[in-house]
Each structure stands twice: as structure tokens, then as C-alpha cells.
Amino acid sequence: MTDPLSLAVAPPPTAPEANFFDQYEEVSFRSCGVPMTLSIWKAKKDAPSLVFYPGTMASPLLYSELLHRLREYGFNVLGIHHISHGNSPRTKKIFTFQDLLQNGKDAVSYALERFTGRVVLAGHSQGGILCLAQAGQDDRLSVAFPFCFLLPDRPEAIEVTRLRCVAPRRERVLQLLTRAAVYMPCFPVAIPMYLDLKRVFAGNYGFSPKNNLRDIRLSYPLAYVASLFSINLDYLTQTGNIKCPVLGMVAENDALFTPQLMRDTLHHIQAPHKELIIMPGGGHMAPISPQGASEYAAVLHERCTALGLFRIL
């Protein structure tokens with residue numbers, strides 16, 4: 001159960017228009033023993049709740065257009081500000097993949113306590129990995145929508161990083177990374193140190209984060225990066241652990257999480273129903289742009305309606 005600390009109703013300071021963030025609020029409660037914030041776009045109490053994991057180092061406010069559009073489709077949307085991310089206090093210098101995963105579980109608990117509709121889980125990039133990881137441990141979910149995903153412990157995962165040139169020596173590289181994290185757990189690792197920004201931004205629809213970039217962390221502690229690449233998600237490949245449909249989504253021109261990588265990963269995942277939805281474009285950053293936000297939100301609503309998550313009046 002979550003432990004609410006405070007509730008404040010106000011538009012985010014980065015809102016381009018006041019009415020764009022109508023029905024917006026932020027709530028803080030404890031997760032992993034420290035305060036964590038949720039951005040909430042409210043619809044109706046009995047509407048489906050969509051809990052959203054943002055990508056690497058990001059706040060859900062970077063995805064404001066997508067999350068607001070989902071609210072317009074009738075979802076109660078809960079965007080996760082992971083501990084020491086976004087609008088959550090910087091209370092932990094060192095956190096792990098398991099901490100961020102617990103944030104998602106606690107966000108689902110909050111959604112179930114506050115709203116009465118069924119729960120949908122979604123996430124982008126690193127958030128897609130977390131979305132999948134939670135789907136294999138949480139039987140409260142009705143459907144999972146990972147936007148871009150992989151299994152970090154599988155050999156092909158290194159293809160997403162700058163280390164793909166040393167893929168044949170992957171195990172040795174991971175051993176060195178883990179050892180370095182023991183001695184320098186707080187060493188700051190910026191995104192360009194392990195991801196190629198040209199691939200991240202290739203083919204985008206005109207990515208324009210505006211002021212929301214201030215809600216992005218500048219680095220991760222080395223201990224977190226080591227925990228991400230060493231996490232064991234083998235349970236996702238075993239029958240019976242994922243109990244909800246998994247509907248993956250990826251842009252056809254995503255140069256980082258390529259459609260072929262997504263197909264290969266989905267092949268190993270065991271779920272009662274699994275499907276890869278190929279989106280028309282926008283590259284890896286498609287869900288953040290206005291056009292991509294519109295396309296992704298429409299697909300999510302269509303699929304959730306087909307699954308019976310919305311009541312027909």
C-alpha cells in the first residue's frame with residue numbers, strides 16, 4: 001500500500017497553455033523508503049488507469065503531450081517521477097534498476113487505491129524494459145505496452161549501446177563494469193557515454209522538448225548502469241509469469257531499438273498474447289513529438305477499447 005505525503009493541484013510550470021494541462025495534479029508518496037512524485041492527468045474515477053514509465057533519466061513531463069492525449073481518450077494517466085528523477089526530491093545518490101521497478105509497482109498500487117478502473121502499464125525505451133519487467137511480476141495489470149524494449153541480459157542487448165563494437169567480449173566488459181561500480185558507485189555516467197545520440201534522434205518528427213529538458217537528469221550513478229545491464233529477466237521467458245497481453249510498439253525507422261531487435265526479443269518472451277505494433281515513423285523519440293504522441297495515443301486507446309477496458313454506455 002502507498003503512503004501519501006502530500007497532494008498539490010496545479011499546472012506544471014512548463015505548460016505551454018494553461019488549459020492543455022487541465023485536470024493535472026502531482027502527488028507524493030513513499031517508495032523504496034523515500035518520497036516519489038506522480039504526475040496525474042485525471043479523467044473519471046472508474047476509467048482505466050494508465051501508469052507510464054518514462055525513458056532514461058527522464059521525467060514524465062517530457063511526455064506531456066502523449067500523456068495529455070491519453071487523458072483526452074479517457075484514461076486516468078499516472079506518470080512516474082522515479083526516485084531522484086524529475087520532480088521527485090534528490091534523496092538517493094545511488095539507486096538500482098530494482099528501485100525504479102519498485103516505483104512502478106507502487107504507482108500501480110496508488111492507481112488501484114484511488115481509481116476503480118483496470119490498470120494499463122506502458123513505458124518508453126528504458127521505461128519499456130521496466131514495463132516488461134513489471135509485467136512478469138505483477139498480476140494486477142490488464143495489458144502492457146512497452147514502447148521499445150529489450151532483455152538487458154541477452155547478448156543482443158549490447159547492440160543498443162556504444163559497446164556494440166566489443167560485442168564478442170560482452171561478458172568481460174560486463175565484469176569490468178560491475179567491478180568498477182563496486183569501487184566507484186557514484187561515478188556519473190552521462191547518456192552519450194553509453195548511447196549514440198545520433199541513433200537516439202535519427203528520423204524524429206521534430207523533437208522539441210522545450211523547457212521540459214530541465215526535468216531530465218544529466219547522469220546516472222555507475223552503480224545504476226551496472227544494475228541495468230546485469231539485471232536477470234529470464235522469468236519473462238518462462239511460461240506463466242506474464243499474465244496479461246504484451247503489445248510492443250516501435251517506430252519502423254527506430255535506429256536504436258530497431259524493429260528486428262524488437263521481433264527477436266519478443267520471440268523469447270512468453271505471454272498469453274504478444275504482438276509487435278510497427279508505428280509509421282518518428283524514430284526512437286516518436287512518442288515525445290506531437291505527431292508521434294497523437295499516433296501512439298490513438299493506438300493505445302484503440303487496443304484498450306478492443307480489450308474491453310472502456311465501458312460501452
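Me: How far apart, N to O, are the side chains of glutamate 25 and arginine 114 in their salt bridge?
Reply: Quick caveat: this is a predicted model, where local features need pLDDT of at least 70, side-chain atom pairs count only at pLDDT 80 or more, and totals for chains, interfaces and linings use all residues. Residues are numbered from 1 along each chain as its sequence is written, and side-chain values use heavy atoms, with hydrogens and water left out. A salt bridge here is a side-chain nitrogen of Lys or Arg within 4 Å of a carboxyl oxygen of Asp or Glu. For glutamate 25 and arginine 114, the N to O value is 2.3 Å.

Me: How many residues apart in sequence are the parts that glutamate 25 and arginine 114 tie together?
Reply: Helices (H or I, at least four residues) and strands (E, at least two) are DSSP runs, numbered from the N terminus. Glutamate 25 sits in strand S2 and arginine 114 in helix H2 (residues 97-114), so their pairing links parts separated in sequence by 89 residues.

Me: Is glutamate 25 buried or exposed?
Reply: The cut-offs are under 20% relative accessible area for buried, over 50% for exposed and partly exposed in between (1.4 Å probe, protein chains only). Arginine 114, at 22%, is partly exposed. Glutamate 25 has a relative accessible area of 1%, so the label is buried.

Me: Which residue forms a salt bridge with glutamate 25 at 3.7 Å?
Reply: The partner belongs to the loop between strand S3 (34-41) and strand S4 (49-53), so this pair ties together parts 17 residues apart in sequence. With its closest N and O atoms 3.7 Å from each other, the bridge is made by lysine 42.

Me: Which residue meets arginine 154 in a salt bridge?
Reply: Arginine 154 is partly exposed at 26% relative accessibility. Its partner is partly exposed too, at 22%. The two side chains meet at 2.8 Å, N to O, and the partner is glutamate 156.

Me: How are the rings of phenylalanine 75 and phenylalanine 310 arranged?
Reply: Rings of Phe, Tyr and Trp (its six-membered ring) pair if their centres lie within 6.5 Å, with planes under 30 degrees apart stacked, over 60 edge-to-face and the rest tilted. These two have centres 5.0 Å apart and planes at 75°, so they're edge-to-face.

Me: Where does phenylalanine 310 lie?
Reply: Phenylalanine 310 is buried at 17%, and phenylalanine 75 is buried at 0%. Phenylalanine 75 is in the loop between helix H1 (64-72) and strand S5 (76-81), whereas phenylalanine 310 lies in the segment after helix H8 (290-306).
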